[in-house]
Amino acid sequence: MSEFSRIIGQRETPLLGALRAPNANERAWVARMAPAQTRVPKGIFRYRSMQEASAQWERWQADAITAGLQP
């Protein structure tokens, strides 16, 4: 916390929900999502403008969609 922050009233600790193991549907969802790839290369990219960065992002998204359509 910052030295300038203030707490008005009593500080309360957030309540946690009941902890439990994931059910079969949740485990199946995780298994389906695990092999998903973003198709965005890793790294640091520097762009001259936000428009250039947005255009590159849109190209990556279009490539990912078309890659999914090919048999």
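**A two-helix chain, from surface to cluster**

Alanine 67 has a relative accessible area of 32%, so this residue is partly exposed. The value falls between the 20% limit for buried and the 50% limit for exposed. The model is predicted. Every number here is computed from that model.

Where does alanine 67 sit? The residue belongs to helix H2, which spans residues 50-69. Arginine 39 is 28 residues away from alanine 67 along the chain. In space, the C-alpha atoms of alanine 67 and arginine 39 are separated by 9.4 Å. Isoleucine 65, also placed in helix H2, has a similar story to tell about arginine 39. Isoleucine 65 and arginine 39 are 26 residues apart in sequence, and their C-alpha atoms are 9.7 Å apart. How accessible is isoleucine 65? Its relative accessibility is 55%. Isoleucine 65 counts as exposed because that value is over 50%.

Now the chain as a whole. The protein chain has two helices and zero strands. It contains 71 residues, and buried residues make up 3% of them. The accessible surface comes to about 7,400 Å². Carbon and sulfur atoms account for 58% of that surface.

Helix H1 covers residues 24-33, and methionine 33 is placed in it. Methionine 33 has 43% relative accessibility, so this residue is partly exposed. Which residues join methionine 33 in a nonpolar surface patch? Trp29 and Val30 do. Together, Trp29, Val30 and Met33 have about 320 Å² of accessible area.

Next, the aromatic residues. How many aromatic pairs does the structure hold? There are three. One of them joins tryptophan 57 and tryptophan 60. Their ring centres are 6.3 Å apart, and the planes make an angle of 80°. The pair is edge-to-face because that angle is over 60 degrees. Both tryptophans lie in helix H2. Three residues separate tryptophan 57 from tryptophan 60 in position, about one turn of the helix.

Are these two tryptophans buried or exposed? Tryptophan 57 has 46% relative accessibility and counts as partly exposed. Tryptophan 60 has 13%, which is under 20%, so tryptophan 60 counts as buried. Tryptophan 57 and tryptophan 60 also belong to an aromatic cluster. Phe45 and Tyr47 complete that cluster.

Charged side chains come last. The structure holds two salt bridges. In one, arginine 20 meets glutamate 26, with 3.0 Å from N to O. Arginine 20 is exposed, with a relative accessible area of 58%. Glutamate 26 has 32% relative accessibility, so this partner is partly exposed.

The other bridge links glutamate 52 and arginine 48. What is the N to O distance here? It is 3.9 Å. The contact counts as a salt bridge because the cut-off is within 4 Å. Arginine 48 is exposed, at 79% relative accessibility. Glutamate 52 is partly exposed, with a relative accessible area of 30%. Each bridge therefore joins an exposed arginine to a partly exposed glutamate.

Definitions and conventions: Residues are numbered from 1 along each chain as its sequence is written. This is a predicted model: local features need pLDDT of at least 70, side-chain atom pairs count only at pLDDT 80 or more; totals for chains, interfaces and linings use all residues. Side-chain values use heavy atoms; hydrogens and water are left out. Helices (H or I, at least four residues) and strands (E, at least two) are DSSP runs, numbered from the N terminus. Buried means under 20% relative accessible area, exposed over 50%, partly exposed in between (1.4 Å probe, protein chains only). Patches are made of residues with over 30% relative accessible area and no salt bridge: like charges are joined within 9 Å, nonpolar side chains (Val, Leu, Ile, Met, Phe, Trp, Tyr) within 5 Å. Accessible areas come from the Shrake-Rupley method with a 1.4 Å probe; for residues, only the protein chains shown count as cover. A salt bridge is a side-chain nitrogen of Lys or Arg within 4 Å of a carboxyl oxygen of Asp or Glu. Rings of Phe, Tyr and Trp (its six-membered ring) pair if their centres lie within 6.5 Å; planes under 30 degrees apart count as stacked, over 60 as edge-to-face and the rest as tilted.
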